[in-house]
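Subject: Handing over the structure

Hello,

Here is the structure I promised to pass on to you. Please open it first, and then read my notes on the spaces inside it.

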Amino acid sequence: MEKERGHFGSNFGFLMAAIGSAVGLGNLWGFPYKMGANGGFAFLIIYLALVLLCGVIIMTIEMAIGRKTGKSPVYALATFGKRWRPVGWFGVGASFIIMGFYTVICGWVLRYVVDYFMTLIGQGTITSVDGVTYFTSAFGDITLNLIYTLLAFVITCVIVMGGIQKGIEKFSKVAMPALFVMLIVVIIKGLTMEGSAEGLEFMFTFKSEDFNFFNALRTAGGQMMFSLSLGMGALITYGSYMTKDSNISKNGWIIPIADTIMALLSGLAIFPALFALDMDPSGGPGLLFMTLHNVFDSMGAVGPIFGFVFYVLTLIAALSSMISLVEVSTSHFYDYQASKGKTPSRKKITFWVCLGMFIISLPIIFDKLGESGIFSWVPIKDKDGLDFYDFIASGVLMPLGGVFLSALIGWRKGGMAYLDDEIRVHDNKFVARGFFNVVVKITPAIMIVVLFSLLLSYFGL
Ligand code: TRP
């Protein structure tokens, strides 16, 4: 049974897949913007503190639970008793909801990749209009969005169908290093433009007038959970494919550090160029699509090349994250069928999971970022589908998952012994165990504060 389920071929392969899951759209547009808008350097310090006090802890816990049980979230958590099962279900539900909006955004990225490519071969239209006009027509065009979203699903589906080693690991081992190199190329271009220093200033100076501790704490908390793919079982799932000789506790540091570095590098890729060209650093889709489009346009002849490279790297980052989201549900239904005594077909399950996720994404496509008003009934501040899906996943399910998962080890009897047992298998070292032993007790409390303050923010409080 174990063999059929699949496993990663090496710890490097696991790391690339896990870092691939973490590094995504959240890093590219979420982190740099949130940092700039919340006091710059002060936000960074709070973010780093949360990564240390919650991120590393929850990440390690998830991997340990996954590998020890060798199961997907629902079944893995059921080993602690039936009442823990819902925490696993949150994860499966969250994977559908996150994919429901994430893939639509990935579809836009795909469209930019294709258009810049066409421009490079002299056939494109993207450089003939400004960023705002182009993006507005992009999200308003339902047919094209259906096509590109579907395409993003097909690519993800094919990779996940390939299995752990021949699909996910193989893709991640090539894609992640490539992403890194492309990011460096874009950064060098940005930093060598005249006036780029202002962008560094935007990110790294402490701006007390923009800083509010409470706001920074909840923004950083939500960002940290989302960016590290925590609280919904993605790392339980990947952990279940990890071999016993991998050092979980070392990986629990490497992944968050790599993700944070990539988030900072994303800022370096975006802001210096943006400020050099005197553009407005407003966040969200606006930044990633409209503003950056204008940035590439103003670079002259080399613009389309950098545009192409930038959106390809964004595409890679998004795809490797989507793979992990699909795998959470694929492995769930795989384990479900196996538990019923059937011989599961990974390909079939992946197909149905992706189809289901595509259906969940339809309302977001038809919503046109709130323009159509089909989400006007939602009880949150922003009346659009993207924010509503994001609210359910990042505002409720993921932080809640974080509370339960950290409490499971930190507050439950025998929690630390459980970790010790799994981490130290094969004589692996438990890195900074003393630190972990103390902090794991306060992680649930911090997560509760993050959860409630984050909830308030969605209602505009
Ligand atoms: N971490 C990814 C990002 O920053 C998104 C993501 C991938 C994710 N897998 C996840 C978020 C699982 C939450 C849970 O873009």
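Before the notes, one term: the helices here are DSSP runs of H or I with at least four residues, numbered from the N terminus, so α3 is simply a helix label counted in that order. Please also keep in mind that this is a predicted model.

Let me begin with the open space. The largest pocket has a volume of about 1,100 Å³. Its lining is made up of 33 residues, and those closest to the pocket centre are Trp-29, Lys-34, Asp-387, Asp-390 and Tyr-458. Two or more lining residues come from each of α3, α6, α11, α14 (284–297), α17 (385–410) and α20 (443–458). Among these, α3 provides the largest share, with seven residues. Sorted by class, the pocket lining holds 14 nonpolar, 12 polar and seven charged residues.

Now to the enclosed spaces. Rolling a probe the size of a water molecule over the atoms reveals where empty space remains. Searching the whole structure in this way turns up three cavities of 30 Å³ or more. I describe two of them below.

The largest cavity has a volume of about 150 Å³. You may wonder what takes up the space of the largest cavity. It is the ligand. There are 17 residues in the lining of this cavity, and Ser-21, Phe-226, Ser-229, Ser-321 and Leu-325 lie nearest its centre. The helices α2, α3, α6, α11 and α15 each contribute at least two residues to that lining. Its residues divide into nine nonpolar and eight polar, with no charged ones.

Next, the ligand itself. It is surrounded by 17 residues, and the closest are Ala-22, Leu-25, Gly-26, Tyr-102 and Phe-226. Three backbone contacts are worth finding on your screen:

- Ala-22: a backbone N or O atom lies 2.9 Å from a nitrogen atom of the ligand.
- Gly-26: a backbone N or O atom lies 2.9 Å from an oxygen atom of the ligand.
- Phe-226: a polar backbone atom is 2.8 Å from a nitrogen atom of the ligand.

How much of the ligand's accessible area does the protein cover? The protein covers 100% of the 360 Å² that the ligand has on its own. In the shell around the ligand, two or more residues come from each of α2 (11–22), α3 (25–37), α6 (85–120), α11 (213–227) and α15 (303–339). By class, the shell has nine nonpolar and eight polar residues and no charged ones.

That leaves the second largest cavity, with about 70 Å³ of space. Its lining consists of Val-104, Trp-108, Phe-139, Asn-145, Ile-364, Ile-365, Asp-367, Lys-368, Leu-369 and Leu-386. Both α6 and α16 (346–367) supply at least two of the lining residues, and α16 gives the most, with three. Seven residues of this lining are nonpolar, one is polar and two are charged.

If you want a place to start, try the ligand and the backbone of Ala-22, which has a polar atom 2.9 Å from a ligand nitrogen. From there you can move on to the largest pocket, where Trp-29 is one of the residues closest to the centre.

Best wishes

Note on methods: Residues numbered from 1 in each chain as written. Predicted model: local features only at pLDDT ≥ 70, side-chain atom pairs only at ≥ 80, totals over all residues. Heavy atoms only, no water. Near = heavy atom within 4 Å. Polar contact = N/O pair within 3.5 Å; in protein donor to acceptor, adjacent residues only side chain to side chain. Areas by Shrake-Rupley, 256 points an atom, 1.4 Å probe, with all protein chains shown as cover. 1 Å grid on protein atoms, 1.4 Å probe; cavity = no way out; pocket = protein on both sides within 12 Å on 5 of 7 lines; lining within 4 Å. Sits in = over half its atoms within 2 Å of the grid points. Nonpolar A, V, L, I, M, F, W, Y, C, P; charged D, E, K, R; others polar. Points joined across faces, edges and corners; volume = space filled by probe spheres on them.
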